[in-house]
Amino acid sequence: MRLYDSRSRLLQSATFRGRSCAIRDRKGVTLAKGSVRGDRRHGKWQHFTDEKKHRLWKEEFYDNGLLDSLLTKKLDYDTASNRWRRIYLTANYAKGILHGAYELKDSNKRTLLKGEYRNGEKQGEWIEACGGDTAWVRHYTQGAKDGLQRLAIVSALPTQSKRGTSTPPPAKTLKEAIYTHNLPRQLTVFDTAGRPLRLFRFGYRNGDLICRHTEVIGDTTWVKTWRVEHYANLKGIDYDRFDNLVSSAPWLAISYSDGERMVHKTGDTTRVYARGNLLRDLHIGQWLFVDYNQEVRLTATYDPTHGDLLRHERYTDLFGNPYSGTFWFNGGYVDNPPMPNPGESREIANGVRTHGLGSRSKQ
């Protein structure tokens, strides 16, 4: 049996001797050899490199033409550099389908991918290196992400040496995600001290994705609610990196604020700077703004059907008594914490602005 290219040049040839077969290139160098049953591979097969060293790079077992039992791989060809590179792969098959333990290591024998397949699908706990010094500890059910997923420092994973497997140091968690059969439910991002920094909770309503986003910035915590219509039509979203997505231009183009918005002191939800609801990025209903430096509480009521149309406002001190005096409103309560810099000057008498309201007022 011979294989030719489009110009009728010999590429490979196969030679059969009894139950054995050898595949050679045009120079006669053996690329693979093993046993056969009829016209199908059956039993042990070995594959060799076409370089001068002629190294064994893969060994596998077949059952009547289908991969079966253990497959081991020690080298892999890198098309970018046109060189063979050292890897360590062990995989198990049953009737041509991945089934059983699977592990891939780099040239330093550091784990890149490790877990178990059942009938061709990932099952149970998996370790998946994702570049740099990090790796995900995954949990799968029938090939789908299910339950808690944890992104940790790679140094927390065991490595292999001549003396045996090293003992990993305590893991440092960078992210935690919760899935229900590939459907994201929650993503938590931690700071270097292991404290929650950003939290995303995902809900689904009438085909829309609703995300409740909590973020800690210093001594201020923001709570926002996002909505994306027809989320099922969105392709290629990596929810493990959702914390990077929400600040990107593509995300802002397809999402809008819809639901509760609150800004409060970190660790103290009773010290509120701003609280209210938005509908398609517009303020509706009653909003509360508090400036603790000026000791003023502003309760603003927006039209429930025409967003950002201010109908009523009331100024009080922190104890609920009507406020009188000059109030500097800087408009930074909704998307940023209160700032000491003066903004718009308002004259207040007995809880009411003396110059009245404009027809529209965005806070």
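Here a biologist and a modeller talk through a predicted model.

Biologist: Let's start with trust: what is the mean pLDDT of the chain?

Modeller: Keep in mind that this is a predicted model. Of the chain's residues, 84% reach a pLDDT of 70 or more. The mean for the chain is 83.

Biologist: Where is the pLDDT below 50, and how many contacts do those stretches have beyond near neighbours in sequence?

Modeller: One such stretch is residues 332–340, with 27 contacts beyond near neighbours in sequence. Another is residues 357–363, again with pLDDT below 50. For residues 357–363 the contact count is 22.

Biologist: And how many helices and strands are there in the chain?

Modeller: The chain has 363 residues, and 39% of them are buried. Among contacts with a separation of 6 or more, 28% are between residues 24 or more positions apart. As for the elements, the count is 2 helices and 31 strands.

Biologist: Take the open sheet with the order S29-S30-S31: which strands stand at the edges?

Modeller: That sheet has 3 strands, and the pairing is antiparallel. S29 (325–329) and S31 (352–353) each have a single partner strand, so one side of each is left without a neighbour in the sheet. The edge strands are therefore S29 and S31.

Biologist: Which residue in S30 does Phe327 stand opposite?

Modeller: S29 pairs with S30, residues 344–349, in the antiparallel sense. The pairing runs over 5 bridges. Across from Phe327, in S30, is Arg346.

Biologist: How many bridges join S15 to S18?

Modeller: S15 (residues 147–153) also pairs with S13 (residues 134–141), antiparallel over 4 bridges, and there Ala135 stands opposite Ala152. Towards S18 (residues 173–180) the strands run antiparallel too, with Leu151 opposite Lys175. The number of bridges between S15 and S18 is 6.

Biologist: Is Glu313 buried or exposed?

Modeller: Glu313 is found in strand S28, residues 310–316. Its relative accessible area is 5%, and the cut-off for buried is under 20%. So Glu313 is buried.

Biologist: Which side chains have a polar contact with that of Glu313?

Modeller: One contact, at 3.1 Å, goes to the side chain of Tyr315. Another, at 2.5 Å, goes to the side chain of Arg353. The names you want are Tyr315 and Arg353.

Biologist: On to the rings: are the planes of Tyr102 and Trp126 stacked, tilted or edge-to-face?

Modeller: A search of the whole structure finds 12 aromatic pairs. In the pair of Tyr102 and Trp126, the centres are 6.0 Å apart and the planes stand at 35°. Stacked needs under 30 degrees and edge-to-face over 60, so this pair is tilted.

Biologist: How many residues apart in sequence are the parts that this pair of Tyr102 and Trp126 ties together?

Modeller: Tyr102 lies in S10 (residues 97–105) and Trp126 in S12 (residues 121–129). Both Tyr102 and Trp126 are buried. The separation in sequence is 24 residues.

Biologist: What angle lies between the planes of Tyr273 and Tyr292?

Modeller: Tyr273 is in S25 (residues 268–279) and Tyr292 in the loop between S26 (282–291) and S27 (296–302), 19 residues apart. Tyr273 counts as buried, at 10% relative accessibility. The ring centres are 5.7 Å apart and the pair is edge-to-face, with an angle of 80°.

Biologist: Which Lys lies over the face of Trp126?

Modeller: Another ring, that of Tyr88, has Lys109 over its face, at 5.2 Å from the ring centre. For Trp126 the distance to the ring centre is 4.9 Å. The residue there is Lys122.

Biologist: Which residues form one aromatic cluster with Phe200?

Modeller: The cluster takes in another Phe, Phe202. A Tyr and a further Phe belong to it as well. In full, Phe200 is joined by Phe202, Tyr239 and Phe242.

Biologist: Last one: what separates the C-alpha atoms of Ser257 and Asp281?

Modeller: Ser257 is in S23, residues 255–257, and counts as buried at 7% relative accessibility. Beyond its neighbours within four places in sequence, Ser257 is in contact with residues including Thr225, Trp226 and Asp281. Ser257 and Asp281 are 24 residues apart along the chain. Their C-alpha separation is 4.7 Å.

Key:
Residues numbered from 1 in each chain as written. Heavy atoms only, no water. pLDDT = per-residue confidence, 0-100. Contact = heavy atoms within 4.5 Å. Pairing = 2+ DSSP bridges. Buried < 20%, exposed > 50% of the residue type's maximum accessible area, 1.4 Å probe, protein only. Polar contact = N/O pair within 3.5 Å; in protein donor to acceptor, adjacent residues only side chain to side chain. Phe/Tyr/Trp six-rings, centres within 6.5 Å; stacked < 30°, edge-to-face > 60°. Lys NZ or Arg CZ within 6 Å of the ring centre and 35° of its normal.
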